[in-house]
Amino acid sequence: MMKIVAEPLSVLRARTSYKWQTYPADVLPLFVAEMDYPLAEPVQQAIIARVLASDTGYIAGPEPVAQAFAGYAGRTWGWQVDPGDIRTTTDVSVAIVECLRQTVPVDGSVVITPPVYPPFYELPPEAEATVVEVPLLLTGTGWRLDLPALERAFARGADAMLLCNPHNPLGLVHSAETLRALADLSAKYGVAVISDEIHAPLTYDSEAFTPYLSVSEAAREFGICVTAASKAWNIAGTKCAVMVGSSDRTRLQLDSMPEEVSARTSILGLHASVAAYDDGGPWLAGVLDSLATNRELLAELLSAHLPEVIYRPPAAGYLAWLDFRGLGWGGDPAAIALEQGQVALEPGLKFGRHGTGFARLNFACSPEVLTEAVTRLAAVQARPAVGPLEP
């Protein structure tokens, strides 16, 4: 297996993406979820081939990526997906909004589980629904869904839940047992579960990830999976996501969406995703090898230079959820990291009030950049606490 290594800063700074255009050149950008690795060659060639063929019109349908994703899900997780159950749209955020529009009445309510991906706070209101927070529980063995609290929220009339599986920003991979229990609650109260599984290919132990729709008939009856190749293969800008509904109920919900939802899928994204799912496995294995090295390197660096910062290595993904409260950097340590250390982290406050005193760090970079970032943070002088540290 060939390890995929990050490109040098001189090359990365020529990129025009959000990650590399937001801050000046003296800032190390470890905030947004973009990776610093070169694209997989099969993905590159798929996009180039479509451009050379002047094939940049509207998609003819989801079939190519539906077949590719179904094949990948079967090989990777043993999840048997009927390609006919798959629809496409532009990205996972759009998929979530459109699924909520089909499953939640106007002024309905949607459960989220903070600390969680910031758009989860924004997408239900876009679908004319309100947000209900049911925070994750932190126990001695790690984070988990608070199933009793979720049942209370469902019993009070919640219409849907946004499940983050694996969970961003924690890299938490929910167990099959937990997902089955959630599915039972979903069926008991008639609550739709929209499962965002965009980080699933980035699970370090592939056997540890369980697709939500694979756990039970109850999950398939009320659940819809939304995912994309965008995070694992670093192709967010190509714009292609898939939605999977495997019951009569959820198939009808997907088919009831306006035709434009599917038409907005990028033809370049569709072909890039096909290449990723069909031929991108070796590249992804190399990336995961590099990420696993960085995951451990970050633990070593923090232990040596910032032992007050609490870090639990993620089971999936390249995002580290860092607890800075022991440093006394106040409610928004990312602000101090940027102002005094020239390191851009994602502010924990974006992930809900339980992110007070936290920040998210993207370690999908070179070991040298990661080392420099922690070195800079260690050189920052602690300030008195600003604002409350406890959520």
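This report describes salt bridges, pockets and selected residues in a predicted model of one protein chain.

Residues are numbered from 1 along each chain as its sequence is written, and side-chain values use heavy atoms, with hydrogens and water left out. Because the model is predicted, local features need pLDDT of at least 70 and side-chain atom pairs count only at pLDDT 80 or more, while totals for chains, interfaces and linings use all residues.

## Confidence

The chain has an average pLDDT of 96, and 97% of the residues score at least 70, where pLDDT is the predictor's confidence in each residue, from 0 to 100. Over residues 382–391 the pLDDT stays under 50, and for this stretch the model has 22 contacts beyond four places in sequence, a contact being heavy atoms within 4.5 Å.

## Salt bridges

Side chains of opposite charge can pair when their charged atoms come close. Taking a salt bridge as a side-chain nitrogen of Lys or Arg within 4 Å of a carboxyl oxygen of Asp or Glu, the count comes to 15 salt bridges. Three of these pairs are set out here.

| Pair | Closest N to O distance |
|---|---|
| Asp85 and Arg251 | 2.7 Å |
| Arg87 and Asp255 | 2.8 Å |
| Arg251 and Asp248 | 3.0 Å |

Between Asp85 and Arg251, the closest N and O atoms are 2.7 Å apart, and this salt bridge links distant parts of the chain, since Asp85 is in the loop between helix H4 (63–77) and strand E2 (86–89) whereas Arg251 is in helix H10 (residues 248–255), 166 residues apart. Helices (H or I, at least four residues) and strands (E, at least two) are DSSP runs, numbered from the N terminus. Asp85 is buried, with a relative accessible area of 6%, whereas Arg251 is partly exposed at 28% relative accessibility; buried means under 20% relative accessible area, exposed over 50%, and partly exposed in between (1.4 Å probe, protein chains only).

The salt bridge of Arg87 with Asp255 has its closest N and O atoms 2.8 Å apart, and because Arg87 lies in strand E2 and Asp255 in helix H10, the pair ties together parts that are 168 residues apart in sequence. Arg87 is partly exposed at 21% relative accessibility, and Asp255 is partly exposed at 48%.

Arg251 also meets Asp248 in a salt bridge, at 3.0 Å from N to O. These two residues are three residues apart in helix H10, and are therefore separated by about one helical turn. Asp248 is exposed, with a relative accessibility of 66%. Asp85, Asp248 and Arg251 are thus linked in a network of salt bridges.

## Pockets

Rolling a probe the size of a water molecule over the atoms shows where empty space is left. On a 1 Å grid over the protein atoms alone, a pocket is an open set of points where a 1.4 Å probe fits, with protein on both sides within 12 Å along at least five of seven lines, and lining residues have an atom within 4 Å of a point. Grid points are joined across faces, edges and corners, and a volume is the space filled by probe spheres set on the points.

The largest pocket holds about 950 Å³ of space. Its lining comprises 40 residues, with Val32, Ala33, Glu34, Lys231 and Ala236 nearest the centre, and the elements that give two or more residues to this lining are helix H3 (41–52) and helix H5 (92–103). By class, the lining of the largest pocket has 20 nonpolar, 11 polar and nine charged residues, where Ala, Val, Leu, Ile, Met, Phe, Trp, Tyr, Cys and Pro count as nonpolar, Asp, Glu, Lys and Arg as charged, and the others, Gly among them, as polar.

The second largest pocket has a volume of about 210 Å³. Of the 15 residues that line this second pocket, Trp143, Leu170, Arg312, Pro313 and Pro314 are the closest to its centre, and strand E6 (142–144) and strand E12 (319–323) are the elements that give two or more residues to the lining. The lining of the second largest pocket divides into 10 nonpolar, three polar and two charged residues.

## Selected residues

Ser230 is found in the loop between strand E9 (223–227) and strand E10 (241–245) and is buried at 13% relative accessibility. Leaving aside neighbours within four places in sequence, Ser230 is in contact with Ile198, Ile235 and Ala236.

Helix H8 (residues 176–189) contains Thr178, which, leaving aside neighbours within four places in sequence, is in contact with Leu145 and Leu147. Leu185 also lies in helix H8 and is buried at 10% relative accessibility; not counting residues up to four places away in sequence, Leu185 touches Leu147, Glu151 and Phe154.
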